[in-house]
Amino acid sequence: MRRVLARAADAIDPLVVERVQVTFALCRTLSELMAWCAAQSPRAHIREIITQDEYTHDVILPFGALFLSFDTT
């Protein structure tokens, strides 16, 4: 299985970064990330999707007190 790379933009506990990697290990595409959001209770809501080109989107997702930014296809 391909491992999702997670990097912190600021000083964050390494355990939080590891939790993000584990939680989103199977979210390699926008479709997979949206399916993960739909499976959460309460449902997780994507804050914003920014189109980079016809194949690539950046996705902003609240995750607890953090905001995650995904580069998805």
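Here are a few notes on the cysteines, the strand pairing and one glycine in this predicted model.

1. Disulfides first. If you were planning to add a bond to the topology, the count here is zero disulfides. Cys-27 has its closest cysteine sulfur in Cys-37, and the gap is 7.6 Å, which is too far for a bond. The cut-off for a disulfide is sulfur atoms within 2.5 Å, so 7.6 Å doesn't qualify.

2. Seen from the other side, Cys-37 is in no disulfide either, with the sulfur of Cys-27 as its nearest cysteine sulfur.

3. Are these cysteines buried or exposed? Cys-27 is buried, at a relative accessible area of 10%. Cys-37 is buried as well, and its relative accessibility is 3%. Buried means under 20% here, so both values fall in that class.

4. Now the strands. E1 covers residues 48-51 and pairs with E2 in the antiparallel sense, over four bridges. The connection from E1 to E2 is a hairpin of five residues. For a concrete pair to look at in the viewer, take Thr-51, which sits opposite His-57 of E2.

5. Further along, E2 (57-63) and E3 (66-72) have a loop between them, and Gly-64 lies in that loop. Gly-64 has a relative accessibility of 78%, so it counts as exposed; the cut-off for that class is over 50%.

6. One distance to check in your own script: Gly-64 and Gln-52 are twelve residues apart along the chain, and their C-alpha atoms are separated by 26 Å.

Conventions: Residues are numbered from 1 along each chain as its sequence is written. This is a predicted model: local features need pLDDT of at least 70, side-chain atom pairs count only at pLDDT 80 or more; totals for chains, interfaces and linings use all residues. Side-chain values use heavy atoms; hydrogens and water are left out. Buried means under 20% relative accessible area, exposed over 50%, partly exposed in between (1.4 Å probe, protein chains only). Helices (H or I, at least four residues) and strands (E, at least two) are DSSP runs, numbered from the N terminus. Two strands pair if DSSP finds at least two bridges between them.
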